[in-house]
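This briefing goes through a helix pair, two sheets and the salt bridges, for a reader who has the chain at hand. Please keep the view open while reading, and bear in mind that the model is predicted.

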Amino acid sequence: MTPWLRTDGSVPPCLLLCCLLVSVCTEASSPGESVCKSPAATSCADCLRRGPRCAWCFKEDFLHGADLSQRCDLPVNLQKRGCGPEFMEQPGITVEVNATVSSTQVSPQDISVTLRPGSEASFIVAVKQLERYPVDLYYLVDVSASMQENLDHLKTVGVALSLRMTEHSSDLWLGFGSFVDKPVSPYISVHPSKINNPCSDYEIRCRPAHGFHHVLSMTGNMSEFTRVIKRQRISGNMDTPEGGLDAMLQAAVCQKAVGWRPEAKRLLLLMTDQPSHLALDSRLAGIVVPHDGLCHLENNVYTGSTSMDHPSLGQLSDKLLENHIYSIFAVEKQQYQWYKDLVQLLPGSFLGKLGLFQAPNLIELVVDAYKRLLSEVAVSVSVEDTALSRYWVSVSPLCPNGSTAKERSCSGVQPDQTAYFNITVGLRSCPDDGEDEDITVMVRSVGYNESTVVRIHSKCRCSCGSTGRCRDDNQSPCTATQGGGEREQKSGRGLMKDSSTLDTLDTNWGCRADGSDVDCSGRGVCECGKCLCEQSRLGTVYGTHCERDDFSCPYEGGLLCGSRGVCVSGECVCDDGWTGDSCGCLVSTQTCQSPDGLLCSGRGKCVCGKCVCDDLQHSGDVCERCPACKSTCQSYWKCVECHISHGLSEIEGGHCNSSCAPSVGYKDDVSGQAGEMWIHCMYISNDSCRYRFQTSSQSGQAQLHISTRPECVSSSRLIGTFLSVCALTVLCGLVVVAVSRLLLQKQGWSPGGAAEDPDYHCTGKDLSYIPTTNEKTVTYRRDRLPDRPVEMHIQVPKMPLGDHWQC
């Protein structure tokens with residue numbers, strides 16, 4: 001095996017480098033928060049199954065007395081805890097290419113990959129499009145009775161197609177085969193008179209029904225092809241569907257009989273006017289044996305037609321890909337939709353809709369399919385059935401310029417162009433027995449005679465160095481012989497079945513630190529002179545005498561070592577880029593750099609990634625603020641006046657250097673600079689023009705920007721403005737007086753000041769309320785009646801005289 005970079009020169013180096021980048025599925029977590037830690041990881045194999053980044057430490061005295069699960073961690077964490085790389089079991093992920101196998105179209109052709117559970121590896125397969133290919137075209141024709149007219153049109157196809165294909169290929173060979181259906185009931189009539197002649201009812205001589213008959217092997221003799229076609233006769237069957245897919249599989253797998261050439265593009269043209277039987281249809285005839293996918297030709301006749309079921313679409317697809325055959329379906333328009341759904345399940349298939357199978361139509365169909373075959377480059381990846389559930393595969397096409405990328409193909413590829421496919425293979429899990437396994441993955445280029453074999457070795461077992469001991473058990477059985485007898489020692493802080501004090505002291509002596517009278521520092525049990533440390537909810541207790549732990553380190557933000565390191569013997573071992581007792585101090589000073597590149601604007605020091613200003617007057621993330629240091633606008637007026645007097649010209653502005661300490665620049669508009677860094681000011685010149693300017697000291701040096709657009713107002717304009725305001729004021733007063741008078745009149749106030757009664761209003765239609773005098777005659781009779789009656793006239797008004805009316 002040789003590295004990928006040593007393959008042939010057909011693959012660009014930039015793409016070859018991509019293959020060396022082995023992709024690994026990893027969880028997004030910092031080294032301090034290991035994804036490998038789990039109480040269930042009590043063995044090396046369990047640890048490797050935790051993920052591709054996990055490693056197992058098989059050092060004998062690693063974290064002495066700690067739980068076994070502490071041996072499983074990220075390599076960086078194990079190394080911080082004292083486990084060197086030579087004591088780590090961490091199988092690598094590799095991709096190697098065998099460059100000794102030459103290739104013309106597909107490269108490389110042999111790849112070896114090593115994976116571990118949860119990992120993935122990527123490699124690139126290149127498929128080169130050649131300019132001209134030799135072509136093998138096999139006609140597989142339905143010869144049922146309804147195809148009589150179409151069969152006659154085939155007699156003129158051979159020579160015409162050969163002449164047309166010379167534009168695209170210098171070497172065209174043709175073959176021929178026929179099919180009808182399985183020669184069993186209910187597909188055909190089994191009446192004795194119809195077995196040998198299905199057309200006996202019509203007094204026509206027909207050939208017997210057959211599943212597949214190979215008639216003519218591949219030949220470049222067009223006259224021979226035409227002669228064979230002319231000799232063909234129709235047959236007949238009972239049901240509508242035919243056995244086309246069954247015949248296709250035989251034409252694909254019977255390589256020797258058909259005569260497929262290894263170097264040629266292989267086209268299989270199926271001509272029919274009816275749909276085809278599918279798998280399980282043969283149960284109607286009592287045939288339940290699945291198809292074995294092998295060739296069963298004897299004397300060019302398919303002998304397995306009556307004993308095996310029709311092939312499934314998946315089985316047929318695999319055989320077409322395996323034998324590098326590109327299929328073409330020529331069907332009549334009535335069956336177009338049925339075969340359109342079928343073609344989507346057969347990679348490398350082309351569908352043509354023809355009203356009649358005339359020679360010009362068939363020729364155009366073959367030529368179009370051949371052009372599409374050359375312009376579309378696709379790959380198919382297959383994994384062994386026994387390992388299909390444990391592996392996954394993804395394909396990403398990298399097409400040449402101008403071509404279109406699809407899911408697993410490139411369209412519009414021109415001759416001499418190369419299409420690349422980035423293929424990623426991943427291992428989900430190991431076999432149930434936990435053993436290593438070797439499988440083969442086939443990467444086939446659809447319609448090409450070459451393919452890539454990928455040999456995958458899954459690494460599931462642990463070798464654990466030269467000793468082969470993974471230290472995945474804490475068992476240390478021991479026996480002690482005293483006085484010619486054996487005493488079994490039990491754990492439990494040095495207590496034994498024998499109550500001898502001397503034996504207890506001798507046994508527990510190795511479990512106590514110097515000067516201590518407590519076994520295992522009070523955090524474990526002594527067994528056979530060694531401490532087995534207890535498990536704590538806070539973390540891990542370990543050490544010869546259980547004197548160490550990984551949770552007694554300082555906390556920051558509620559996290560041990562700020563989650564930026566690991567705790568070892570009470571001290572934080574920080575990750576790269578961090579330091580401090582609790583790993584809270586950032587080593588890098590990049591966060592302290594001001595926009596001008598200075599550290600803390602030159603006014604402080606960077607401590608743990610933050611600026612500490614030298615002077616209390618300065619503040620800000622990079623000591624950029626200093627409110628007390630900022631000069632007032634008046635202090636810059638003299639400088640601004642000097643530049644204005646020289647016409648705001650960069651050439652003349654040099655005369656003001658003596659009176660201007662800051663760096664001065666001119667801008668059309670100074671309102672664009674915003675924020676606390678800039679101070680906006682204004683200067684009024686002697687000619688009553690206002691000049692806006694702004695100052696800043698953000699880069700450590702004072703800056704001054706003067707606007708080149710002054711705001712000037714003339715004296716005549718001021719007088720006109722004053723008179724206009726006065727006239728407008730007088731006019732507004734008159735309008736207010738007029739409006740007030742109208743309102744008063746509307747409310748009934750006379751100029752004299754007396755208001756009429758607002759409660760009554762007369763209209764022309766309501767005359768009953770007009771005050772009038774009512775005349776009434778009253779006759780008074782006395783005791784002594786006069787000669788004539790005495791009458792008195794009294795006028796009674798309707799309203800009191802004091803009431804007022806408004807009319």
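**Helix packing and overview**

In the contact between the two helices, Leu245, Met248, Leu249, Ala252 and Val253 of H8 meet Leu313, Gln315, Leu316, Lys319 and Leu320 of H10. Sorted by class, the residues of this contact between H8 and H10 are eight nonpolar, one polar and one charged. The points below continue with the geometry of this pair and then turn to the sheets and the salt bridges.

**Geometry of the helix pair**

- Two packed helices are described by the angle between their axes and the distance between the axes.
- Helix H8, which covers residues 244-253, packs against helix H10, residues 313-322, at an angle of about 25°, and their axes are 9 Å apart.
- Because angles under 35 degrees count as roughly parallel, H8 and H10 are therefore described as roughly parallel to each other.
- The crossing in which H8 passes H10 is left-handed.

**The sheet of four strands**

- One open sheet is built from four strands in the order E5-E7-E20-E17, and the pairing in this sheet is antiparallel.
- Strand E5 (106-107) and strand E17 (391-398) stand at the edges of the sheet with a single partner strand each, so one side of each is left without a neighbour in the sheet.
- E5 is joined by two bridges to strand E7, residues 120-128, and these two strands run antiparallel.
- Within this pairing, Ser107 has Ala126 in E7 as its bridge partner.

**The sheet of three strands**

- Another open sheet has three strands in the order E2-E1-E3, again with antiparallel pairing.
- Its edge strands are strand E2 (72-73) and strand E3 (88-89), each of which pairs on one side only.
- Strand E1, residues 55-57, pairs with E2 over two bridges in the antiparallel sense.
- The bridge partner that Ala55 finds in E2 is Asp73.

**Salt bridges**

- Side chains of opposite charge can pair when their charged atoms come close.
- The structure holds 19 salt bridges, and one of them joins the side chains of Arg455 and Asp110, with 2.8 Å from N to O.
- Arg455 belongs to strand E22 (residues 451-458) and Asp110 to strand E6 (residues 110-115), so this pair ties together parts that lie 345 residues apart in sequence.

Terms used. Residues numbered from 1 in each chain as written. Predicted model: local features only at pLDDT ≥ 70, side-chain atom pairs only at ≥ 80, totals over all residues. Heavy atoms only, no water. Pairing = 2+ DSSP bridges. Axes fitted to C-alpha atoms, helices over the stretch in contact; angles between N-to-C directions. Parallel < 35°, antiparallel > 145°, perpendicular 65-115°, else oblique. Left-handed = near helix turned anticlockwise from the far one by under 90°. Contact = heavy atoms within 4.5 Å. Nonpolar A, V, L, I, M, F, W, Y, C, P; charged D, E, K, R; others polar. Salt bridge = Lys/Arg side-chain N within 4 Å of Asp/Glu carboxyl O.
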